[in-house]
Amino acid sequence: MNKNTWIIGFTLFAMFFGAGNLIFPTQLGLESGHFFWPAILAFALTGIGLPLLGVVVGALDKHGYIGSFNKISPRFSLIFLIIIYLTIGPLFAIPRTASTSFEMTVTPIAHNSGNLALFIFTVIFFLIVLYLCLNPNKMIDRIGSLLTPLLLITIVAMIIKGFVDFSGHSSNYGMTNAYHSNLSGFSQGFTQGYLTMDAIASIAFSMIVVNAIKTTGIQHADKIFKQTIIAGLIAAIALVFIYISLGYIGNHINIPSDTLKELKAKDQNIGTYLLTTMATKGFGTFGKYLLGIIVSLACLTTACGLIVSVSEYFHRILPKIPYKVFVIFFILVSFILANQGLNSVIKMSVPVLSVIYPVAITVILLILIARFIPTKRIAQQIPLIIVAIESILSLITTQGWIRISFIDDLPLKEYSLEWFPIAVVATLVGYMISYFVKQSNIVYQKE
């Protein structure tokens with residue numbers, strides 16, 4: 001394993017490790033109470049395991065996910081990838097990086113959360129992102145060799161001090177009735193992992209990793225696949241350590257009920273409050289600045305990775321528009337939405353992710369299966385259509401727009417995992433039907 005593999009692995013970690021990767025595991029630790037371990041392990045499954053699988057599966061085809069999706073259906077490839085890139089790009093994930101940076105740097109330090117302060121901060125934030133992203137070929141070196149080591153050092157320092165300060169406390173009793181058993185803890189952690197958006201981001205980041213490996217001189221498909229696995233494991237190991245550590249510390253921080261009520265009344269994010277408490281307890285006033293450095297670096301690296309991925313994809317499908325024009329456009333859109341505030345961005349993303357995630361997980365697993373089993377297009381198309389329809393109907397029911405009675409009776413509905421058994425059954429049905437359908441085009445994922 002050479003230096004370039006380490007740099008790519010650290011870069012992948014930095015791109016995955018953004019705003020939500022700090023907030024959500026810490027808040028999950030607080031809320032899960034005595035059911036912390038099933039919750040955090042499930043969170044790691046969707047927040048780390050699936051993204052790692054997503055990056056690796058993307059390397060199975062020499063054209064990445066674009067090639068794999070085109071084999072399922074060119075129309076599906078175009079529509080789904082546009083939805084994916086817009087979701088992890090200017091509509092949700094990128095604005096969240098800026099608004100989180102503001103809430104965890106300016107707000108606790110300057111005690112100012114006004115619209116003007118947010119506006120000024122996001123202007124500076126996105127100007128830095130613009131500088132880093134205008135030349136994507138240099139981004140790997142800038143992030144992997146410089147920003148990521150600094151990010152890791154500051155995170156580890158805060159985690160070590162957090163263990164010293166809070167590990168001796170007893171585990172809290174949990175802050176919500178949603179956690180009442182090991183299974184409910186697992187399901188809550190599993191769906192909370194959606195909020196990191198890392199599994200769907202892996203579809204975009206996979207191509208960055210593959211291209212970065214190719215620039216090192218490796219061109220053979222099997223060697224690219226092997227290097228992708230190694231880089232993915234480097235990122236995954238770092239993420240596992242940080243998620244479990246932050247979650248464990250959050251699980252041992254006791255917040256008075258009056259403080260929780262006050263936070264909810266001010267619409268302040270509980271995860272950001274926990275992290276600020278951890279940093280202040282550990283390092284005093286300096287802790288606020290340390291936390292600000294961690295958050296700013298984490299969010300900057302993620303925002304850069306996302307801007308580059310989204311801009312390169314849209315430049316690929318609309319080649320007449322220069323890459324730099326897309327960079328500027330998506331930064332402007334992200335800037336506008338970031339000024340809506342952190343909680344608003346998170347609330348807007350939840351319904352969309354509840355539809356996209358089941359489809360994304362299903363398609364990644366279908367592509368992996370096709371790596372070992374000769375598969376016709378229809379065998380992949382059927383489960384994707386059914387899972388997409390079920391996810392949309394489930395969202396409609398959950399939001400109360402239209403009452404669809406049979407949705408509530410689906411297995412695992414109370415755990416928000418009703419799509420999974422449907423995906424399994426639909427996949428089996430798809431493969432059975434494929435035996436009776438004449439299609440000359442057999443989908444093999446290995447080139």
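What is the volume of the second largest cavity? In this predicted model, the second largest cavity has a volume of about 50 Å³. The structure holds 2 cavities of 30 Å³ or more. Rolling a probe the size of a water molecule over the atoms shows where empty space is left.

The lining of the second largest cavity consists of L12, F16, I48, P51, L52, V55, G232, A235, A236 and L239. Three helices, α1 (3-16), α3 (36-58) and α11 (221-251), each supply at least two residues of this lining. By character, the lining residues divide into 9 nonpolar and 1 polar, with no charged residue. Glycine counts as polar in this scheme, and G232 is among the lining residues.

Aromatic side chains come next. The count comes to 26 aromatic pairs. One of them joins F121 and F125: the ring centres are 6.3 Å apart and the planes meet at 25°, so the pair is stacked, the cut-off for stacking being under 30 degrees. F121 and F125 are 4 residues apart in helix α7 (residues 115-133), and therefore about one helical turn separates them. F121 has a relative accessibility of 16% and so counts as buried. F125, at 5% relative accessibility, also counts as buried.

F314 and F326 form another aromatic pair, this one tilted, with 6.1 Å centre to centre and 40° between the planes. F314 belongs to helix α14 (residues 285-317) and F326 to helix α15 (residues 323-338); they are 12 residues apart, and the pair links distant parts of the chain. Both F314 and F326 are buried. They also belong to one aromatic cluster, whose members are Y85, Y313, F314, F326, F329 and F330. Elsewhere, the face of F372 has R371 lying over it, at 5.6 Å from the ring centre.

How many disulfides does a search of the whole structure find? The search finds 0 disulfides. C299 is in no disulfide, and its nearest cysteine sulfur, that of C304, is 11 Å away. C299 counts as buried because its relative accessibility is 0%. For C304, the nearest cysteine sulfur is that of C133, 4.0 Å away, and C304 is in no disulfide. A disulfide requires the two sulfur atoms to lie within 2.5 Å, so the 4.0 Å between the sulfurs of C304 and C133 does not qualify. C304, at 0% relative accessibility, counts as buried.

A few backbone features remain. Helix α16 (residues 342-372) contains a proline, P351. The relative accessible area of P351 is 19%, so P351 is buried, the limit being under 20%. P351 and G282 are 69 residues apart along the chain, and their C-alpha atoms are separated by 36 Å.

Two residues other than glycine have a positive phi: M197, near 65°, and L412, near 70°. M197 is placed in the loop between α9 (182-192) and α10 (198-215). L412 is in the loop between α18 (405-408) and α19 (419-434). Is each of these loop residues buried or partly exposed? M197 is buried, with a relative accessible area of 2%, whereas L412, at 38% relative accessibility, counts as partly exposed.

Note on methods. Residues numbered from 1 in each chain as written. Predicted model: local features only at pLDDT ≥ 70, side-chain atom pairs only at ≥ 80, totals over all residues. Heavy atoms only, no water. 1 Å grid on protein atoms, 1.4 Å probe; cavity = no way out; pocket = protein on both sides within 12 Å on 5 of 7 lines; lining within 4 Å. Points joined across faces, edges and corners; volume = space filled by probe spheres on them. Phe/Tyr/Trp six-rings, centres within 6.5 Å; stacked < 30°, edge-to-face > 60°. Buried < 20%, exposed > 50% of the residue type's maximum accessible area, 1.4 Å probe, protein only. Lys NZ or Arg CZ within 6 Å of the ring centre and 35° of its normal.
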